[in-house]
Amino acid sequence: MSNEAAAGNSTSTLGHLALGLTLLAFGIGSTGVIDHVGAGDAAGLATWVGGVALFLVGLLALRAGNTGEGTAYSALGAFWFTWGTGVGDAGSAEAAGLFLLLWALLALTLTVASGGSGLFGQGVYGLLFVALLLTGIGALADNAGLGKAGGWVAAVAGLAAWYGATAAVAGWPTSLARGSRAAAAS
């Protein structure tokens, strides 16, 4: 196995773990399901794990020649670092909503660009897009229900990213075999 292949595989796994943990913390905080825990309580995790760690993983992936993952993780690292360091600032709800909607465009780009990566690539980015869209619109419209819905979607995206990384390490399945679907249809 070449160093480049090993670096690409480990950056993918580490990137999905960091993204998964950050999305879970942000999502659960946004839902309000745990008393006295809000999305802002995930700021430290978002800054260091979602921000710094993802950005560094992205740089390692770029160095290994994986431009797709490198771009995704570096950009998501910039998002989480910016979000984590800006939580609690005196900005308006409209500014927060616009921030989330602009970053939803990044998630949409990642969703489209990861077309061949299956459920744990395209699915995670697609769920991230929906989460940011709902949370951003909720902030702009002053609608807590949309923010909570976005939190649930973010938590599901976090679970999917976490499962994808854990599956890669543990050798668990990450997709349904086409043969079993064909056999089931017969």
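## A predicted all-helix chain and its core

The largest nonpolar core of this chain has 31 residues, and those with the most contacts inside it are Leu19, Leu76 and Trp80. Helices H1, H2, H3, H4, H5 and H6 each supply at least two residues of this core, and its largest share, 7 residues, comes from H3. The model is a predicted one, and every value in this report is computed from it.

### The chain as a whole

The secondary structure comes to 7 helices and 0 strands, so that a reader who follows the sequence meets the pattern α-α-α-α-α-α-α. Of the 186 residues of the chain, 41% count as buried. The chain exposes about 9,400 Å², and carbon and sulfur atoms supply 68% of that area. Among contacts between residues at least 6 apart in sequence, 66% join residues at least 24 apart.

### Two leucines of the core

Leu19 lies in helix H1 and has a relative accessible area of 0%, which means that Leu19 is buried, as this term covers values under 20%. Leaving aside neighbours within four places in sequence, Leu19 is in contact with Leu54, Leu76, Trp80, Val124 and Tyr125. Leu19 and Ala160 are 141 residues apart in sequence, while their C-alpha atoms are 9.9 Å apart in space.

Leu76, with its neighbours within four places in sequence again left aside, is in contact with Leu19, Gly50, Leu54, Leu106, Leu110, Tyr125 and Leu128. Leu54 and Tyr125 thus appear in the contact list of Leu19 and also in that of Leu76. In soluble globular proteins, nonpolar side chains tend to be buried together.

### Aromatic rings

The structure holds 8 aromatic pairs. In one of them, Phe26 and Trp80 have ring centres 5.5 Å apart and ring planes at 70 degrees, and the pair is therefore edge-to-face, a class that takes in angles over 60 degrees. Because Phe26 lies in helix H1 (residues 3–31) and Trp80 in helix H3 (residues 67–86), this pair ties together parts of the chain that are 54 residues apart in sequence. Both Phe26 and Trp80 are buried. Ring pairs also link Phe26, Phe79, Trp80, Trp83, Phe99 and Trp103 into a cluster.

### Helices H2 and H4

The 21 residues of H2 should span 30 Å at 1.5 Å a residue, and its end C-alpha atoms are 28 Å apart, which agrees with that expectation. H2 bends by about 25 degrees at Leu54, and Leu54 is also one of the buried residues of H2, the others being Ala43, Ala46, Thr47, Gly50, Gly51, Val57, Gly58 and Ala61. An α-helix has 3.6 residues a turn, so residues three or four places apart point the same way. After H2 comes Gly65, whose phi is positive, near 90 degrees.

H4 has 21 residues and reaches 30 Å from its first C-alpha to its last, close to the 30 Å expected at 1.5 Å a residue. Its buried residues are Gly97, Leu100, Ala104, Leu106, Ala107, Leu110 and Thr111; of these, Leu106 and Leu110 are contacts of Leu76. Ala95 has its place in helix H4 (residues 93–113), but at 42% relative accessibility Ala95 counts as partly exposed, because it falls between the 20% limit for buried and the 50% limit for exposed. Ala95 and Ala139 are 44 residues apart in sequence and 8.6 Å apart in space, C-alpha to C-alpha.

### Two loop residues with positive phi

Two residues that are not glycine, His36 and Asp142, have a positive phi, and the table sets out their angles and places.

| Residue | Phi | Loop |
|---|---|---|
| His36 | about 65 degrees | between H1 and helix H2 (43–63) |
| Asp142 | near 55 degrees | between helix H5 (119–141) and helix H6 (144–170) |

His36 counts as exposed because its relative accessibility is 82%, over the 50% limit. Asp142, at 72% relative accessibility, is over that limit too and therefore counts as exposed.

Technical notes
Residues are numbered from 1 along each chain as its sequence is written. This is a predicted model: local features need pLDDT of at least 70, side-chain atom pairs count only at pLDDT 80 or more; totals for chains, interfaces and linings use all residues. Side-chain values use heavy atoms; hydrogens and water are left out. Rings of Phe, Tyr and Trp (its six-membered ring) pair if their centres lie within 6.5 Å; planes under 30 degrees apart count as stacked, over 60 as edge-to-face and the rest as tilted. Helices (H or I, at least four residues) and strands (E, at least two) are DSSP runs, numbered from the N terminus. Buried means under 20% relative accessible area, exposed over 50%, partly exposed in between (1.4 Å probe, protein chains only). The expected span of a helix is 1.5 Å times one less than its number of residues. The bend at a residue is the angle between axes fitted to the seven residues ending there and the seven starting there. Contact means heavy atoms within 4.5 Å. Accessible areas come from the Shrake-Rupley method with a 1.4 Å probe; for residues, only the protein chains shown count as cover. A nonpolar core is a set of buried Ala, Val, Leu, Ile, Met, Phe, Trp, Tyr and Cys residues joined through side-chain atoms within 4.5 Å.
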